Amino acid sequence: MRAGAYEEHECVLTLTASEERAAAGLLKRAISTSSKGIIQLGTGGTPVTFMRITNPHNSTTAVCSRTLKSRCSELQAIRRVVSGGQPSVLLQNEVLSLGDEQRRALLKEAGISDEIKIGPAEVLAIKVGLAIPWNKIRILRRWLKASNISLACEERMRHASRKAVGENLKGELAPFSFSLPSGGEEFRGAPLVFIPDLILKVVELLEENDRAGRLTWHNGVIPASEIWIKLGGDKGGGTFKMNFQIVNVAAPNSVNNTCVFCCFEADDSYTNLHIALERYKEQVEHLQRMTWSLDLELAFYHTEVDQSRYSLYSQELQRLHQYKVELQEAKQSESVLQQLATYMAVLIGESNPLTADLLHQSANTSKIVKQLETKIAASTAVVTREFPLNEGPFVKELDMALQSIGVHRQQYFGGTFVGNHVHKTLKLPNINTLCSAICKLAESSLPQQSEMVATRTMIFLNAFSKFAKCHSIYDQNFIDEAQVHELEQSVQEFMELFRTNFPKGTIPIKMHMVEDHAVQWARSTYVGFGLLGEQGAESVHAKFNNLARAYSAIKGKVHQLECIVAEHLVSIAPHNVAAIPPPKKRKK
């Protein structure tokens, strides 16, 4: 061991020649007894490690492969010691410390490509996740290629897409019913895209989820011998979408677990639902009786198909419009009959039976005109009373209170009042905020009425609080026996308060469901409405709107809708869903 043996790590030794020879002899003898060429000498503190390093006579580029392999082994041994038994971590940091340009040059000299390759499944997941068409994938490919990132070829991606959809998708122009502005209805052709074999699609998704290990029975809530399938439909964005969800997964209400199997561009009227969904009646009945692998029965639960979309206000508007049309026709008939009766009286006399009959019809028509005018006046009064201007001080104060909790009244009247707004509104602090805002304004603006306002506000405070308690229980995914009993008491208290304080109030269909069916359902299944909610069906509307914008250039409405549904089916395939990286949780 001589001083200055390596130019880059020059050492200056103060040992004499005899001391150096003695030290070298001792180290050589100790290292020769070690199989790995590594020894440790005690110092009274941290031991000193010595390793044998071959003194190179030639540069690495001028040696044979055997010598090169020997030198690599020595370096690996050094890294193993220096890194504390983690040589790969040390090597990674060595490579990262080189810098981008030096690292690329090193890999290029070594004949190693640093190109990043993304497979067809991952690229297909990117495509459906971002709702972009094939032409934009080609543009993205060119951009990424400039950064040495290679995407799978388009043909392989299209093959994977066709495999996910299969032959089980059909589009056609079907006759649907449409309301006319003047009243009545007419049948016109509209796009209809559907999965002919619903049974095949359900079984296909069950098997894919089973292979991916995604099926669950929610800790025994679902019987071990059953598979629950949820059927439901909703209209949004100009199309009605009938879908199903497999409840035996971790997130049954997710949009990625919502399979649209029938979609058409028409209203969700009884006639149109019958036209589109009649084909599935026998298939659903068969699914309810059939068994899947492992002798699992299929149990279907039907969520709401919303046909009460139009409010009383819009119904009254339609009725008013119909009255006006009938009045115009009645006045025209009255005028014609009066003119004809006058002409016949001059021609054949008033005593003639034909003239008398015309006069009688004219009188009846005049009565109909007066009746229609009375109906129009009453209907107009209802319409003007249904939606007042709502510009009073109390309404403005309520608006500010709603905005303070993140809810806007316009969202309710605009049809965008969703479950999250309900959850916010029914929190007890927010209920107090809303009710106290009215009381405070009454105390300052109408002190003589403040006591009456406070009394009425307390009624609403109690009603909202009791309903919030019901909502917090039945909206859960799973319910135990104690919660079922608590729900039963809470529903009884709420309905008793409602009927006492609002004797003329109408019981809406959803309130009827809470009173007469929620407790019965919870006691029979111990499952809340949260597990069988319609969030996935609502979220599908936004997803279809994004896809519609991406495929708006496709010619033909039927083919365009068929492409949208096909892309949706690709996006919900379990292997494509698994390829989407989950978002990182925010630090609170």
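# Exercises on a predicted model

Arg 523 is partly exposed, with 34% relative accessible area; here buried means under 20%, exposed over 50% and partly exposed in between, using a 1.4 Å probe and protein chains only. We'll come back to that arginine in Exercise 2.

A word on the ground rules: this is a predicted model, where local features need pLDDT of at least 70, side-chain atom pairs count only at pLDDT 80 or more, and totals for chains, interfaces and linings use all residues. Residues are numbered from 1 along each chain as its sequence is written, and side-chain values use heavy atoms, with hydrogens and water left out.

## Exercise 1: The overall picture

Work out how many helices and strands the protein has, and what share of its residues is buried.

Step 1. Go through the secondary structure: there are 22 helices and 11 strands. These are DSSP runs numbered from the N terminus, with helices being H or I over at least four residues and strands being E over at least two.

Step 2. Turn to burial: of the 588 residues, 34% are buried.

Step 3. Look at the contacts (heavy atoms within 4.5 Å). Take those with a separation of 6 or more, and 61% of them join residues 24 or more positions apart.

Step 4. Pick an example of parts that are far apart in sequence. Ile 126 sits in helix 5 (residues 120-130), and its C-alpha is 7.5 Å from that of Ile 580, though 454 residues separate the two in sequence. Ile 126 is partly exposed, at 33%.

## Exercise 2: Salt bridges around helix 18

Find which residues pair with Glu 493, Glu 481 and Glu 488.

Step 1. Set the rule: a salt bridge needs a side-chain nitrogen of Lys or Arg within 4 Å of a carboxyl oxygen of Asp or Glu. The whole structure gives 14 of them.

Step 2. Start with Glu 493, which bridges to Lys 466 with the closest N and O atoms 3.5 Å apart. Glu 493 belongs to helix 18 (residues 481-501) and Lys 466 to helix 17 (residues 450-474), so distant parts of the chain, 27 residues apart, get linked. Both ends are partly exposed: Glu 493 at 40%, Lys 466 at 27%.

Step 3. Move to Glu 481, whose side chain meets that of Arg 523 at 4.0 Å, N to O. This pair links helix 18 with helix 19 (residues 509-525), across 42 residues. Glu 481 is partly exposed at 39%.

Step 4. Arg 523 turns up again, this time in a salt bridge with Glu 488 at 3.2 Å, N to O. Because Glu 488 lies in helix 18 and Arg 523 in helix 19, the pair ties together parts that are 35 residues apart in sequence. Glu 488 is partly exposed too, at 27%.

Step 5. Elsewhere, check for a network: Arg 138, Glu 154 and Arg 158 are linked by salt bridges.

## Exercise 3: Why no disulfide at Cys 262?

Explain why Cys 262 has no disulfide with the closest cysteine.

Step 1. The cut-off is a pair of cysteine sulfur atoms within 2.5 Å.

Step 2. The closest cysteine sulfur to that of Cys 262 belongs to Cys 263, and at 7.5 Å the two are too far apart for a bond.

Step 3. The total is 0 disulfides. As for its surroundings, Cys 262 is buried, with 0% relative accessibility.

## Exercise 4: The largest cavity

Describe which elements line the largest cavity and how the lining residues divide by type.

Step 1. Define the thing: on a 1 Å grid over the protein atoms alone, a cavity is a set of points where a 1.4 Å probe fits but cannot get out, and lining residues have an atom within 4 Å of a point. Points join across faces, edges and corners, and the volume is the space filled by probe spheres set on them.

Step 2. The search turns up 3 cavities of 30 Å³ or more, and the largest holds about 80 Å³.

Step 3. Helix 8 (198-211), strand 8 (239-246) and strand 9 (258-264) each give at least two lining residues, with strand 8 supplying the largest share, 3 residues. The lining includes Leu 205, Phe 244 and Pro 574.

Step 4. Sort by type: 6 are nonpolar, 5 polar and 1 charged. Ala, Val, Leu, Ile, Met, Phe, Trp, Tyr, Cys and Pro count as nonpolar, Asp, Glu, Lys and Arg as charged, and the others, Gly among them, as polar.

Methods:
On a 1 Å grid over the protein atoms alone, a cavity is a set of points where a 1.4 Å probe fits but cannot get out, and a pocket is an open set with protein on both sides within 12 Å along at least five of seven lines; lining residues have an atom within 4 Å of a point.
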